[in-house]
Amino acid sequence: MIEIRELYKYYGERRALGPVSAEIGQGEIVGLLGENGAGKTTALRILACDLLPSSGSVQVDGIDVVERPDAVRERIGYLPDVPPLYGDMTVGEYLAFAAKLRSVPSKDVARRVAAVEELTALTERHGDPIATLSHGFQQRVGIAQAIIHEPKLVVLDEPISGLDPRQIVEMRQLVRDLRGKHTVLVSSHILTEISETCDRILVIRNGEIVAAGTEAELTKEFSGATQIRVTVRVPGSVEKEAKEKAQAILAAVSGVDAVEGTEAEAPELVSFDVKAATEVRPALVSSLVSAGLDVFEVSRKANELESVFLKLAGGDGGSTKKGGDA
Ligand code: ATP
C-alpha cells in the first residue's frame, strides 16, 4: 500500500528526514512512534502530498506522490496535527463541505456524512457548531473529514494529543474501527497510546527509522526479556501454600526465565513478576487455571515498555540498530 524508498527531506541545510525506506501492507494499522521533532509530521505530510520530498520516492497504492499527487490525495484521508476545522460551521455542514472538496458525488454526500458521523459517534452533534465541541469531539470531526471520501489509506498525525484518559480510550477504539476498510498510519510520541491499537510500530529518531516490529518484538529485542505481572486470587486461609504453588507453576512454564513474588495489592490477591524471552502469557494462564487457581490479571508491565521506547527514540544506551545523529 505504501512504499518508501530512500526518502529525504531537508529544510534548507537541515535534514529533517532520511534516509527512510519502509513498506506498509494493505489493511495494516501501523504506528509511527518518535519524540517531538523526530520527523513524524514531515513524513506524514509528504505521504499526504502536503510537502514535497527532497529526494527518494514514495508510492501510495503504486502511485508516486510527486508525479500524481491528485490521484494519491483521492486515496488518502489525512488528519494533520492541527485539524483544519471551521468553528462556526456545524459538524454536518463541515463534513458536507469536506465531502465536496474531496469530490464525493452530490447525491452521495448526505449518505457519507451520516455514515462517518455514525462511525465517529458524532450523529447527535450533527447540528452543533464545531467551536462548541470539546477537544475530543473536535478530533473526531478531524477523523470524520479524513474518511469522508472512503480513502484506502488514513493518515492520522497524533490523534490522541491533548485528549483526556476517557477520550484516549474512545479514540483508540475509533482507530481500531477503521480496520478492515482502511490501511492506517498513526503517529504518536507515547508508546502505550499506540501499542494496543497498531499491528506494527515504526520507531523514528532523528529522521530515521531505527526499529520496526510488533510491540512484543520491540520489547523483546530491546529489553532482552518481557516482564509480565501475574495476579492470582487465593483464599486467605491457605495463602502461603497457594502462593508457593502458583510460583512453582509459573516457574515451570516453558520459556519463563524468572519468577518473583511482589507485594500483595489487596487481600486474597498475590502477584508475581515473570520474566520471559518469548510470549508466555497464554501458557501461564492455562497452567494456573489447570491447577485450579483463580487468575485475576495478566499484563505486560507498562513502565518497561516506556523504557524500551526511551532507549529507541532517545538513543540512550546505544541499543538501536543504527545511529541517526544529524
Ligand atoms: P512533533 O511531534 O513535535 O510535531 P515531529 O516528529 O512531527 O515532531 P517534525 O515536525 O517532522 O517532527 O520536525 C522534524 C524536524 O524538522 C524538527 O527538527 C523540526 O524543527 C524541523 N522542521 C519541521 N518543519 C520545519 C520547517 N517548516 N522549517 C524548518 N524546519 C522544520
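In the predicted model, the bridge partner of Tyr10 in strand β2 is Arg15. This bridge can be placed in a wider pattern, since strand β1, which spans residues 2–11, pairs with β2 in the antiparallel sense over 7 bridges. In general, the strands of a sheet are joined through backbone hydrogen bonds, and they may run either parallel or antiparallel. Here the two strands belong to an open sheet of 4 strands, in which the order is β2-β1-β4-β5 and the pairing is antiparallel. The edges of this sheet are formed by β2 and by β5 (63–64), each of which pairs on one side only.

Strand β2 also contains Pro19, and the peptide bond that leads from Gly18 to Pro19 is cis, with omega near -5°. A second backbone feature is found at Ala121, whose phi is near 55°, a positive value in a residue other than glycine. Ala121 is placed in the loop between α4 (106–119) and α5 (135–147). As a point of reference for both features, most residues other than glycine have a negative phi, and most peptide bonds are trans.

The ligand sits in the second largest pocket of the model. Two elements, β2 (14–24) and α1 (40–47), give two or more residues to the shell around the ligand, and the largest share, 3 residues, comes from α1. The residues that surround the ligand are Tyr11, Arg14, Ala16, Glu35, Asn36, Gly37, Ala38, Gly39, Lys40, Thr41, Thr42 and Glu158. When this shell is divided by class, it holds 3 nonpolar, 5 polar and 4 charged residues.

Several residues of the shell place polar atoms beside oxygen atoms of the ligand, and both side chains and backbone take part, as the following distances show. In the side chain of Thr42, an N or O atom is 2.5 Å from an oxygen atom of the ligand, while a polar side-chain atom of Arg14 lies 2.8 Å from a ligand oxygen atom. At Ala38, by contrast, the atom concerned belongs to the backbone, where an N or O atom lies 3.1 Å from an oxygen atom of the ligand. Taken on its own, the ligand has 630 Å² of accessible area, and the protein covers 63% of this area.

Terms used. Residues are numbered from 1 along each chain as its sequence is written. This is a predicted model: local features need pLDDT of at least 70, side-chain atom pairs count only at pLDDT 80 or more; totals for chains, interfaces and linings use all residues. Side-chain values use heavy atoms; hydrogens and water are left out. A residue is near a molecule or strand if one of its heavy atoms lies within 4 Å of it. A polar contact is a pair of N or O atoms within 3.5 Å; within protein, one must be able to donate a hydrogen and the other to accept it, and residues adjacent in sequence count only if both atoms are side-chain atoms. Accessible areas come from the Shrake-Rupley method with a 1.4 Å probe; for residues, only the protein chains shown count as cover. On a 1 Å grid over the protein atoms alone, a cavity is a set of points where a 1.4 Å probe fits but cannot get out, and a pocket is an open set with protein on both sides within 12 Å along at least five of seven lines; lining residues have an atom within 4 Å of a point. A molecule sits in a cavity or pocket if more than half of its atoms lie within 2 Å of its grid points. Ala, Val, Leu, Ile, Met, Phe, Trp, Tyr, Cys and Pro count as nonpolar, Asp, Glu, Lys and Arg as charged, and the others, Gly among them, as polar. Two strands pair if DSSP finds at least two bridges between them.
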